[in-house]
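User: I would like to understand the terms used for this protein and the reasons behind them. Please take me through the structure one step at a time.

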Amino acid sequence: MKTMKTMMNLKTMMAGAMMLFGMTTFAQKITGSGDAAIDNYPQRFRLGVGIDGGIANSDYFNWSLGGDVRLQYDLTKKTSLTLTTGFTNLFGKDEIKDLGYIPAKLGFKAFVWGDQFYVVGEAGAGFAVTNGYDKTTFLWAPGIGYALDPIDISLRYEGANDFKADQVALRIAYAFKL
(Lines give C-alpha, C1' and ligand atoms only; values in the text may rest on other atoms or scores of the structure.)
Protein backbone atom coordinates (compact mmCIF):
# COMPACT_ATOMS: atom_id res chain seq x y z
CA MET A 1 0.00 0.00 0.00
CA LYS A 2 2.87 2.35 0.83
CA THR A 3 4.40 1.67 -2.60
CA MET A 4 1.15 2.64 -4.32
CA LYS A 5 1.02 5.95 -2.40
CA THR A 6 4.64 6.65 -3.31
CA MET A 7 3.92 5.96 -6.99
CA MET A 8 0.82 8.17 -6.96
CA ASN A 9 2.90 10.98 -5.44
CA LEU A 10 5.59 10.43 -8.09
CA LYS A 11 2.97 10.50 -10.85
CA THR A 12 1.47 13.72 -9.49
CA MET A 13 4.88 15.40 -9.17
CA MET A 14 5.91 14.41 -12.71
CA ALA A 15 2.62 15.61 -14.19
CA GLY A 16 3.01 18.93 -12.34
CA ALA A 17 6.58 19.32 -13.54
CA MET A 18 5.52 18.61 -17.13
CA MET A 19 2.80 21.27 -16.94
CA LEU A 20 5.16 23.79 -15.34
CA PHE A 21 7.88 23.24 -17.94
CA GLY A 22 5.31 23.28 -20.73
CA MET A 23 3.92 26.63 -19.57
CA THR A 24 7.37 28.20 -19.38
CA THR A 25 8.20 26.92 -22.86
CA PHE A 26 5.20 28.58 -24.44
CA ALA A 27 5.66 31.78 -22.43
CA GLN A 28 8.99 32.45 -24.12
CA LYS A 29 9.04 35.11 -26.81
CA ILE A 30 10.35 34.15 -30.23
CA THR A 31 12.73 36.85 -31.40
CA GLY A 32 13.94 37.75 -34.83
CA SER A 33 13.13 40.13 -37.65
CA GLY A 34 9.36 39.91 -37.90
CA ASP A 35 7.39 36.83 -38.88
CA ALA A 36 10.19 35.68 -41.18
CA ALA A 37 12.12 34.40 -38.14
CA ILE A 38 9.33 31.91 -37.43
CA ASP A 39 8.44 31.05 -41.04
CA ASN A 40 12.02 30.29 -42.12
CA TYR A 41 12.71 27.58 -39.53
CA PRO A 42 13.47 24.38 -41.47
CA GLN A 43 10.86 21.88 -40.30
CA ARG A 44 12.40 18.43 -40.66
CA PHE A 45 12.33 14.87 -39.48
CA ARG A 46 14.82 13.22 -37.14
CA LEU A 47 15.21 9.55 -36.32
CA GLY A 48 16.53 8.21 -33.03
CA VAL A 49 17.49 4.63 -32.25
CA GLY A 50 17.81 3.89 -28.56
CA ILE A 51 18.20 1.33 -25.82
CA ASP A 52 16.59 1.64 -22.43
CA GLY A 53 16.59 -0.07 -19.10
CA GLY A 54 14.40 0.51 -16.12
CA ILE A 55 13.20 -0.46 -12.70
CA ALA A 56 9.62 -1.69 -12.48
CA ASN A 57 7.34 -0.66 -9.66
CA SER A 58 5.30 -3.82 -9.60
CA ASP A 59 4.46 -6.85 -7.52
CA TYR A 60 5.06 -9.00 -10.62
CA PHE A 61 8.12 -7.56 -12.41
CA ASN A 62 11.60 -6.44 -11.30
CA TRP A 63 13.18 -4.54 -14.16
CA SER A 64 12.94 -3.86 -17.89
CA LEU A 65 15.16 -3.78 -20.94
CA GLY A 66 14.23 -2.65 -24.40
CA GLY A 67 15.00 -0.86 -27.61
CA ASP A 68 13.10 1.73 -29.56
CA VAL A 69 12.91 3.85 -32.68
CA ARG A 70 11.62 7.41 -32.38
CA LEU A 71 10.58 9.51 -35.36
CA GLN A 72 10.56 13.20 -34.50
CA TYR A 73 9.12 16.05 -36.55
CA ASP A 74 10.46 19.48 -35.58
CA LEU A 75 7.64 22.04 -35.55
CA THR A 76 9.87 24.89 -34.36
CA LYS A 77 13.35 25.16 -32.93
CA LYS A 78 11.89 24.42 -29.46
CA THR A 79 9.01 21.98 -30.14
CA SER A 80 8.56 18.63 -31.88
CA LEU A 81 6.05 15.85 -32.36
CA THR A 82 7.20 12.28 -31.70
CA LEU A 83 6.17 8.78 -32.75
CA THR A 84 7.87 5.97 -30.80
CA THR A 85 7.78 2.19 -31.15
CA GLY A 86 10.09 -0.70 -30.29
CA PHE A 87 10.14 -3.60 -27.87
CA THR A 88 10.26 -3.69 -24.06
CA ASN A 89 10.73 -6.78 -21.90
CA LEU A 90 9.61 -6.75 -18.26
CA PHE A 91 11.47 -9.42 -16.28
CA GLY A 92 9.17 -11.35 -13.94
CA LYS A 93 9.64 -11.91 -10.23
CA ASP A 94 9.84 -15.42 -8.81
CA GLU A 95 7.67 -17.74 -10.97
CA ILE A 96 6.06 -14.94 -13.03
CA LYS A 97 6.78 -15.17 -16.76
CA ASP A 98 8.51 -12.25 -18.47
CA LEU A 99 6.22 -9.87 -20.36
CA GLY A 100 7.37 -8.47 -23.68
CA TYR A 101 5.37 -5.73 -25.37
CA ILE A 102 5.48 -3.41 -28.34
CA PRO A 103 4.76 0.23 -27.48
CA ALA A 104 3.16 2.61 -29.98
CA LYS A 105 3.21 6.17 -28.61
CA LEU A 106 2.58 9.68 -29.93
CA GLY A 107 4.12 12.59 -28.08
CA PHE A 108 5.15 16.21 -27.77
CA LYS A 109 8.69 17.36 -26.97
CA ALA A 110 9.60 20.87 -25.82
CA PHE A 111 13.06 22.29 -25.17
CA VAL A 112 12.87 24.28 -21.95
CA TRP A 113 16.44 25.30 -21.26
CA GLY A 114 18.62 26.23 -24.18
CA ASP A 115 18.68 23.81 -27.07
CA GLN A 116 19.60 20.72 -25.04
CA PHE A 117 17.29 20.17 -22.04
CA TYR A 118 13.75 19.09 -22.81
CA VAL A 119 10.54 17.64 -21.44
CA VAL A 120 8.52 15.10 -23.35
CA GLY A 121 5.10 13.58 -22.89
CA GLU A 122 3.94 10.51 -24.79
CA ALA A 123 0.78 8.42 -24.76
CA GLY A 124 -0.34 5.37 -26.70
CA ALA A 125 -0.76 1.62 -26.43
CA GLY A 126 1.36 -1.34 -25.36
CA PHE A 127 0.69 -4.65 -27.14
CA ALA A 128 1.76 -7.77 -25.20
CA VAL A 129 3.46 -10.27 -27.53
CA THR A 130 5.30 -12.89 -25.42
CA ASN A 131 4.65 -15.85 -23.11
CA GLY A 132 0.93 -16.10 -23.77
CA TYR A 133 0.09 -12.62 -22.49
CA ASP A 134 -2.85 -11.37 -24.51
CA LYS A 135 -3.46 -7.81 -23.35
CA THR A 136 -3.22 -4.31 -24.66
CA THR A 137 -2.75 -1.44 -22.24
CA PHE A 138 -2.81 2.33 -22.30
CA LEU A 139 0.72 3.74 -21.95
CA TRP A 140 1.59 7.22 -20.76
CA ALA A 141 5.13 8.44 -20.34
CA PRO A 142 6.30 11.87 -19.13
CA GLY A 143 10.03 12.39 -19.19
CA ILE A 144 12.99 14.75 -19.17
CA GLY A 145 16.08 14.62 -21.33
CA TYR A 146 19.29 16.08 -22.66
CA ALA A 147 19.99 16.12 -26.40
CA LEU A 148 23.50 16.80 -27.63
CA ASP A 149 23.76 16.10 -31.34
CA PRO A 150 23.82 13.12 -32.04
CA ILE A 151 23.36 11.64 -28.51
CA ASP A 152 20.04 11.84 -26.64
CA ILE A 153 19.76 10.78 -22.99
CA SER A 154 16.41 10.79 -21.21
CA LEU A 155 14.68 9.57 -18.08
CA ARG A 156 10.98 8.71 -18.15
CA TYR A 157 8.23 7.33 -16.03
CA GLU A 158 6.05 4.92 -18.02
CA GLY A 159 2.66 3.86 -16.75
CA ALA A 160 1.19 0.61 -18.09
CA ASN A 161 -1.95 0.11 -16.01
CA ASP A 162 -3.32 -3.15 -17.46
CA PHE A 163 0.11 -4.80 -17.22
CA LYS A 164 0.30 -3.75 -13.55
CA ALA A 165 3.86 -2.65 -14.24
CA ASP A 166 4.86 1.00 -14.11
CA GLN A 167 8.55 1.72 -14.57
CA VAL A 168 11.23 4.39 -14.43
CA ALA A 169 13.57 3.97 -17.39
CA LEU A 170 16.77 5.52 -18.72
CA ARG A 171 17.07 5.83 -22.52
CA ILE A 172 20.28 6.39 -24.47
CA ALA A 173 19.84 7.04 -28.18
CA TYR A 174 21.68 7.98 -31.34
CA ALA A 175 19.65 10.52 -33.32
CA PHE A 176 20.17 12.00 -36.78
CA LYS A 177 18.42 14.25 -39.28
CA LEU A 178 16.59 12.67 -42.19
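User: What joins strand 1 to strand 2?

Analyst: In this predicted model, a hairpin of 3 residues leads from strand 1 into strand 2. Strand 1 covers residues 45-57 and strand 2 covers residues 61-74. A hairpin also links strand 2 to strand 3, this time through 4 residues.

User: How do you know that strand 1 and strand 2 pair?

Analyst: Two strands count as paired if there are at least two bridges between them. Strand 1 and strand 2 are joined by 11 bridges and run antiparallel, so the requirement of at least two is met. As an example, Ile51 stands opposite Gly67 of strand 2.

User: What makes strand 2 and strand 3 a pair?

Analyst: The criterion is again at least two bridges. Between strand 2 and strand 3 (residues 79-92) there are 13 bridges, and these strands run antiparallel, so they pair. One of the positions involved is Leu65, whose bridge partner in strand 3 is Asn89. In general, the strands of a sheet pair through backbone hydrogen bonds, either parallel or antiparallel.

User: How many strands form the closed barrel, and in which order do they run?

Analyst: The closed barrel has 8 strands in the order 1-2-3-4-5-6-7-8, with antiparallel pairing. Neighbouring strands of this sheet are turned by 25° against each other on average, direction ignored.

User: Where do the helices come in the pattern of the chain?

Analyst: The chain contains 2 helices and 8 strands. Along the sequence the pattern is α-α-β-β-β-β-β-β-β-β, with the helices ahead of the strands. Of the 178 residues in the chain, 37% are buried. Among contacts with a separation of 6 or more, 53% are between residues 24 or more positions apart.

User: Why is an empty space in the structure called a cavity?

Analyst: A space is called a cavity because a 1.4 Å probe fits there but cannot get out. A search of the whole structure finds 2 cavities of 30 Å³ or more. The largest has a volume of about 70 Å³. Among the 13 residues that line this largest cavity, Arg70, Val120, Glu122, Ser154 and Arg156 are the closest to its centre. Strand 2, strand 5 (117-128), strand 6 (136-148) and strand 7 (151-160) each give two or more residues to the lining of the largest cavity. Strand 6 gives the most to that lining, with 4 residues. By class, the lining of the largest cavity has 5 nonpolar, 2 polar and 6 charged residues.

User: Which residues line the second largest cavity?

Analyst: The lining of the second largest cavity consists of Asp52, Gly67, Asp68, Thr84, Thr88, Tyr101, Pro103, Lys105, Arg156 and Glu158. The space in this second largest cavity is about 60 Å³. Strand 4 supplies the largest share of its lining, 3 residues. By class, the lining of the second largest cavity has 2 nonpolar, 3 polar and 5 charged residues.

User: Why is Asp94 called exposed?

Analyst: Exposed means over 50% relative accessible area. Asp94 has a relative accessibility of 77%, so it counts as exposed. Asp94 lies in the loop between strand 3 and strand 4. Its phi is positive, about 50°, although Asp94 is not a glycine.

User: Why does Asn131 count as partly exposed?

Analyst: Partly exposed is the class between buried, under 20%, and exposed, over 50%. Asn131 has 43% relative accessibility and therefore counts as partly exposed. Asn131 is in the loop between strand 5 and strand 6. Asn131, which is not a glycine, has a positive phi of about 55°.

User: What makes a positive phi or a cis peptide bond worth pointing out?

Analyst: Such cases are pointed out because most residues other than glycine have a negative phi, and most peptide bonds are trans. The peptide bond from Asp149 to Pro150 is cis, with omega near 10°. Pro150 is found in the loop between strand 6 and strand 7.

Methods:
Residues numbered from 1 in each chain as written. Predicted model: local features only at pLDDT ≥ 70, side-chain atom pairs only at ≥ 80, totals over all residues. Heavy atoms only, no water. 1 Å grid on protein atoms, 1.4 Å probe; cavity = no way out; pocket = protein on both sides within 12 Å on 5 of 7 lines; lining within 4 Å. Points joined across faces, edges and corners; volume = space filled by probe spheres on them. Nonpolar A, V, L, I, M, F, W, Y, C, P; charged D, E, K, R; others polar. Axes fitted to C-alpha atoms, helices over the stretch in contact; angles between N-to-C directions. Buried < 20%, exposed > 50% of the residue type's maximum accessible area, 1.4 Å probe, protein only. Contact = heavy atoms within 4.5 Å.
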